[in-house]
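Trainee: Please give me a close look at one part of this model. Start from a single residue and its surroundings, and then place that part within the whole chain.

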Amino acid sequence: MGPLFTAADEWSYVIALVLGIAFGYILESAGFSSSRKLAGVFYGYDFVVLRVFFTAAITAAIGLFYFDYLGWLNFSEIYVNKLYVGSAIVGGMIMGLGFIIGGFCPGTSACAAAIGKVDAMIFIGGVVIGAIIFDAGYPLWGEFYESGGKGSATLYEDLGISRELLLFGFILFALFAFWATALIQKKVSNKTHKY
């Protein structure tokens, strides 16, 4: 049995749209359209975002393993973005700075804008302006952007370990992060925060 569908399936866009709407609904239901809640990660008073995304990543990874094991999914057909080390680091820093300043990431800003939050709409405007500037200035930084290319790299291949061992280490790291952030939040949350 499987795969249930492939990217070439004419229904793949419809399925992606339905999954996207469901994902946005869950984000909103979990309170992730609140910039204060999202920024709480950086100020130490709320780590729900970190816990949810770690849990989602682990759940998805375990699901992929079992889907592969049951023959419902072929790992070799999963598209992995090409990695450019330098631009990934710089881009990650810029995105992190934007996250701290604006209180949103691109996904949560779309979720918040969908329910009419003006600050999220302004944030999306900034994202669009940034994309235009990046595109217009590409001749200036294109060489740096494509430097350090590693192709469709995966962490377990780069580390020379099995996928199972990487997942086990990732779960241990997540558990440590849950414990450490709970301690930080307990110290910081002597003050009362309301959203």
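Mentor: D68 counts as partly exposed, because its relative accessibility is 25%; on this scale buried means under 20% relative accessible area, exposed means over 50%, and partly exposed lies in between (1.4 Å probe, protein chains only). The model is predicted, so local features need a pLDDT of at least 70 and side-chain atom pairs count only at pLDDT 80 or more, whereas totals for chains, interfaces and linings use all residues. Residues are numbered from 1 along each chain as its sequence is written, and side-chain values use heavy atoms, with hydrogens and water left out.

The side chain of D68 forms a salt bridge with that of R163, at 3.7 Å from N to O; the criterion is a side-chain nitrogen of Lys or Arg within 4 Å of a carboxyl oxygen of Asp or Glu. D68 belongs to helix α3 and R163 to helix α9, so this pair ties together parts that are 95 residues apart in sequence. Helices (H or I, at least four residues) and strands (E, at least two) are DSSP runs, numbered from the N terminus. R163 has a relative accessibility of 23% and therefore also counts as partly exposed.

Now the helix that carries D68. Helix α3 covers residues 48–70, and at 1.5 Å a residue its 23 residues should span 33 Å, which agrees with the 32 Å between its end C-alpha atoms. The expected span is 1.5 Å times one less than the number of residues. V49, F54, I58 and F65 of α3 are buried. Their cover includes α2 (35–43) and α9 (163–188). After α3 comes G71, with a positive phi near 80°.

The partner helix can be read in the same way. For the 26 residues of α9, 1.5 Å a residue predicts 38 Å, in agreement with the 37 Å separating its end C-alpha atoms. Its buried residues are L167, A174, A177, A180, T181 and Q185, and they pack against α3. The D68–R163 salt bridge thus joins two helices that also meet through buried residues.

By the salt-bridge rule the count is three. In another of these, K37 and D46 meet at 3.2 Å, N to O, and both K37 and D46 are buried. The remaining pair is K150 and D158, at 3.6 Å, N to O. K150 is partly exposed because its relative accessibility is 42%, and D158 is partly exposed because its relative accessible area is 46%.

V49 leads from α3 into the largest nonpolar core, whose twelve residues are L27, F32, L38, V49, F99, F104, C105, C111, A112, A113, A120 and F123. Such a core is a set of buried Ala, Val, Leu, Ile, Met, Phe, Trp, Tyr and Cys residues joined through side-chain atoms within 4.5 Å. α5 (106–114) and α6 each supply at least two of the core residues, and α5 gives the largest share, three residues. L27, a member of this core, is in contact (heavy atoms within 4.5 Å) with F32, S33, F53, G107, T108 and C111, leaving aside neighbours within four places in sequence.

On the surface, V90, I94, I129, I133, F134, L140, W141, F144 and Y145 make a nonpolar patch of about 880 Å². Patch residues have over 30% relative accessible area and no salt bridge; like charges are joined within 9 Å, and nonpolar side chains (Val, Leu, Ile, Met, Phe, Trp, Tyr) within 5 Å. α4 (85–102), α6 (118–136) and α7 (138–145) each supply at least two residues, with α7 giving the most, four.

As for the whole, the protein chain has nine helices and two strands, in the order α-α-α-β-α-α-α-α-β-α-α. Its C-alpha atoms fill a box of roughly 50 × 45 × 35 Å along the principal axes. Of its 195 residues, 20% count as buried.

Notes. Accessible areas come from the Shrake-Rupley method with a 1.4 Å probe; for residues, only the protein chains shown count as cover.
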